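Here are some exercises to work through with the model open beside you. Try each task on your own before reading its solution.

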Amino acid sequence: MDLAITPSLAKAVAPLTSKLIAKIFQKESGGAGLVDNPVRVSSYVSFKGEKKLLTATEIEKLVTQLVENATASSPHDYREIGDELEAIAGTLSRTLLSLGQISMSDLQAVELGYQEFAAELRRAAPDAASDLSSESEALYDTLLEVCCLHILNFFTSRSTFIQRTQVENSRKIARQTRQLAALMSRIPSQNSQDIAFEESYAEAIRAEHGKVRIFGLDLDRSRGRGWDLDAAYLNLEAARPEANQDGQEQVEPDGETRSISYEPHRVDEILRERPRVLLRGQAGAGKSTLIQWLAVSSVFGSFHGELASLNYRIPFVLRMRKMSRQGVLQPRPAQFLEVDDNLRAESQPDGWADRVLRSGRALLLVDGMDEVTSTERDEARDWLERLLALYPETRTVVTVRPAAVPPGWLDHLSFDEVSLLPMSSQDRQLFIKRWHSAALAVSNSEGEGFEGKRERQELDALQESLLRSLESSPDLSALTDSPLLCAMICALHREWDGTLPKRRMDVYRAALSMLLVRRDQQRRVKPSEGINIGEEEQLAILQKIAAWLVINQKVEGERGHAVDQVRKLLPSLPDVQRSGSADHVFTHLVNRSGLIRETSVETFDFIHRTFQDYLAAKEFKEEKSFGLLASKADSDQWADVIRMAVGHCDPNDRVTLIAEIITKAGKANAEDRRRIYLLLGSCLTYASRLDHQIRAQVLESVRSIMPPHRNEADQWAMMGEPILPLLSECTQTGDFETFHPHIAVLAAGNEALPYLRELVHSGRPEIANAALREWPGYDAPLFSSRVISGADLSQCRITVETSAELQEIPSLGRLKVLHCQGDLKQDELDKSLKNLNVGWLVVYSDELNDISFLSSAHDLRGLSLFDCRRLEDLSPVKSTNVMGLYVKDVGDSVTCLEVASVARHASSIEVLGLPVHSLGSLADFPPNPILKKVLLYGISDHARTDLLRQAFPNIQYIYMEISNEKVPLDLTVLRGHSIRVSLHTAGERPEILGEEMLDTSNISFEVDED
């Protein structure tokens, strides 16, 4: 249902909407309208602060009346959502309450317009409408836009708004004039021809990359359609090392240090922070879809939040397989569009690509570095080095499979390496819901009335059934760790009426069967081109083509070569030979198999390289080409083929193949031997039945290259459950590394829980902490009972991000450090922390508004409060015995003087972190001789360094965040005192006055690269 703000609806809800908005926002007070700082939307609301004028309950009451009035205005339109009125009202209320979190100003809100402002509110409350039906969500969206229309009218009707608008417009014109002058000074002249071409180029990018194919939703090839990126793209997680392997450390909010390890981040966060990224990912992990999303979103300026800085950049998408096919591995800028077969290639103005690159507006997207030979990769790397030396401001993303290039392959070009992680349970659920929503869209377009409604009900039931099955079966859940596999599972689950295969190879086999035969049979599709080919014959032909591509190290082939392979095979397929020529047979496979597609008039590829590898492996197994496979065991391009060949083999052939690979490893150099042994280990998960002696040989081979290296984590994880006893041996022999638990989780899922328990109960905090960091990957009660229960955690750190994890805290006993972050509600914090048994508590929560639970925290020694913007009262800290207190980005009433006052009253505090915007404010600080360590956050004016010793007479360490590094920092006042100083800025190192007279070994400096 697509609802708009109709006149009748607007008229029906206008009076109550006006009343609601008038209640939500505070009345205008007197005072000057011209202010230096923008007025945040959140500052207007009446349900925040000490003197709340409106409660959430009152808001929901008014919203409920609003929803009732809306549905009463057109009963016929809303007849299907009568039982969801309360849910709609609750959802709309929660969204309106997010006004208290909006950081933009009223001027910015008005500039957005009511529809985009409504979108901002939805982003501030992302899960608000997750439980609504599509009809209810449509009404919710419409009413939210009505409210936003009234909100913007409220802003513009305030007397101070017009005055501030005039001032802001004057400032904006001046600022834009300066920016334009600066841009004109460094951007080459761009004539109208360039501008017109870039508009048409943007449309070509959307035509080429704006759609993706979702497995199971494009089985009717006659439709020939893809699916919008907005529906298909999933912002997955990736891991990057926060430091190198040299044991770097970071300061924790509890004042101590710990080794930095891999932490998951959303891909958009990583790309925002890093101008050059080498992205590793397994087959089907979503690398190419990410490239498409980056290209379309950048050229149309549709990024929000993390990647807004990439808006309106010009993307150049270069797919390595196309470059290889054309023999152009070092293209000049003018060739970029041509080698990617862009439809606008011939119409680009002379020198346009060079101008884009020189201006720093380019986004270079190189996809599939693994899809060419190692020699070609080296050639491409040399080209990339020369290109980026000439155009150093070019943002660049390169994708590759994990084992295709060695670690640090592009380090000399300042690339950061990250790896796409397997989909989390939350991502998996989101993907499954999107898949079924897309399937419903297909059903709605094909069937109306009773049939359409029945299809909708069946899809809803299948979605819930699949989610339950994955939740209850770890083995099955492991099969959905990538978007491709998850889509296959969704399709097969629907096709098989709720049943599913149990092994990865079975998934591929069933998916092929569904593509080749079952869908056409069930839809009663008649054979095209006058040809009818059975599943066995189709597989035979496709296997030959796939094997030819693999042998020739290609992922994109020429049609003529494929037809030659069909022609050679036809004499052994008499029924197919009678149906038509080799060319007709290949055309039939392109049109009906759903496995291969034409990429141009003369070229083709498989819809995904996974299917090419699967079919080639089946061909090599049937031909018993074990010597060939063994000879390629040191080649990353053959790794997946070899693993799948092991899966295809019967037990006897499996022994023969693995034995030949072991022999090959014995003759290889040390580097290649390690690579081959890792491959052998990963083959174990594909060998459901394997002679115990040969299995023991494989495990002994793998043991000989233990322990794992950090940059090989993905490859070790592919061993599956057999890796667990080997990791346990590393712990016993002293070879444990903090990334080992993560390998275990990736490899074995729930089967890794006993290993994690062994680590948590080891009695060694650094080992236990590494295992405890894997908690978010599991069901909270399950991890607590199976891993943590009974352990001594008095020297351990635990981080909780969900209410389920928080509920487990009271049962865990004494903790050294507890981090609470994420969407944790006040009542949940009160309940779980009321009998706090923690050494140091760290809270990052915009929901926290009361810390009265500290009244019973007699053993608490440290407290860190960050991003707690609703917290207005620190007085409960005075009743504690904390020795350290860090406070940053809390409520407006919590000033630096208030924090200092709390520290004086709590006489045990020796370490204090507080916001000090101007060092001049230290003049109002009564001296605090107890403080030994002080952290000063957000300093914009650091002129009065002479007040540091006055306010903190016995200080031994000072940390200062300086935002204005252009002004010299005078540290001469510290001369003669043994004080360590750490400086942190977002830019360059400031000039330090008197540095030559100081002990510079006591001064450290760091730049915030974010």
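A residue counts as exposed when its relative accessible area is over 50%, and as buried when that area is under 20%. With these cut-offs, the face of α15 turned away from its buried side carries the exposed residues Thr 375 and Ala 389. Please keep in mind that this is a predicted model.

**Exercise 1. The whole chain**

Task: find how many helices and strands the protein chain has, and what percentage of its residues count as buried.

Solution. Start with the elements: the chain holds 40 helices and 26 strands. Next, take burial: 52% of the 1010 residues count as buried. Finally, look at contacts between residues at least 6 apart in sequence: 62% of these join residues at least 24 apart.

**Exercise 2. The two sides of a helix**

Task: check the length of α15 against the expected span, then work out which of its residues are buried.

Solution. Step one is the length. Helix α15 covers residues 374–390, and its 17 residues should span 24 Å at 1.5 Å a residue; the end C-alpha atoms are 25 Å apart, which agrees. Step two is burial: Glu 376, Arg 377, Ala 380, Trp 383, Leu 384, Leu 387 and Leu 388 are the buried residues of α15. Because these cover an arc of only 125° around the axis, they lie on the same side of α15. Step three asks what covers them: the elements include β7 (276–280), β8 (314–319), α12 (320–326), α13, β9 (362–367) and β10 (395–400).

**Exercise 3. A second helix**

Task: repeat the length check for α28, and see which contact is made at its start.

Solution. Helix α28 (residues 651–666) has 16 residues and reaches 23 Å from its first C-alpha to its last, close to the 22 Å expected. Its buried residues are Asp 653, Arg 654, Leu 657, Ile 658, Ile 661, Ile 662 and Ala 665. Among the elements that cover them are α26 (626–631), α27 (639–648), α29 (670–683) and α30 (692–703). At the start of α28, a side-chain oxygen of Asp 650 comes within 3.1 Å of the backbone nitrogen of Asn 652.

**Exercise 4. A buried glutamine in a loop**

Task: is Gln 348 buried or exposed, and which backbone oxygens lie by its side chain?

Solution. First, place the residue: Gln 348 sits in the loop between α13 (336–339) and α14 (352–358). Its relative accessible area is 14%, so Gln 348 is buried. Now look at the polar atoms of its side chain. One lies 3.0 Å from the backbone oxygen of Ala 334, and the backbone oxygen of Ala 345 is 3.4 Å from a polar atom of this side chain. Leaving aside neighbours within four places in sequence, Gln 348 is in contact with Phe 197, Ala 334, Leu 337 and Ala 353.

**Exercise 5. Edges of a sheet**

Task: in the open sheet of three strands with the order β12-β14-β13, work out which strands stand at the edges.

Solution. The pairing in this sheet is antiparallel. Strands β12 (557–558) and β13 (596–598) each have a single partner strand, so they stand at the edges and one side of each is left without a neighbour in the sheet. For the detail, β12 and β14 (residues 603–606) are joined by two bridges, and Glu 558 stands opposite Thr 603 in β14.

**Exercise 6. A parallel pair and the loop before it**

Task: in what sense do β22 and β24 pair, and is Ser 978 buried or exposed?

Solution. Strand β22 (residues 957–962) pairs with β24 in the parallel sense, over six bridges. Ile 962 stands opposite Thr 985 in β24. Strand β24 (residues 980–985) is mostly covered, with five of its six residues buried. Ser 978 belongs to the loop between β23 (969–970) and β24. Its relative accessible area is 65%, so Ser 978 is exposed. The C-alpha atoms of Ser 978 and Gln 956 are 6.7 Å apart, although 22 residues separate the two in sequence.

**Exercise 7. Cysteines**

Task: find how many disulfides the whole structure has, then look at Cys 820.

Solution. A search of the whole structure finds zero disulfides. For Cys 820, the nearest cysteine sulfur is that of Cys 868, 9.8 Å away; a disulfide needs the two sulfur atoms within 2.5 Å. Cys 820 has 0% relative accessibility, so it counts as buried.

How values were computed: Residues are numbered from 1 along each chain as its sequence is written. This is a predicted model: local features need pLDDT of at least 70, side-chain atom pairs count only at pLDDT 80 or more; totals for chains, interfaces and linings use all residues. Side-chain values use heavy atoms; hydrogens and water are left out. Helices (H or I, at least four residues) and strands (E, at least two) are DSSP runs, numbered from the N terminus. Buried means under 20% relative accessible area, exposed over 50%, partly exposed in between (1.4 Å probe, protein chains only). A polar contact is a pair of N or O atoms within 3.5 Å; within protein, one must be able to donate a hydrogen and the other to accept it, and residues adjacent in sequence count only if both atoms are side-chain atoms. Contact means heavy atoms within 4.5 Å. Two strands pair if DSSP finds at least two bridges between them. The expected span of a helix is 1.5 Å times one less than its number of residues. The arc is that of the directions from the helix axis to the C-beta atoms.
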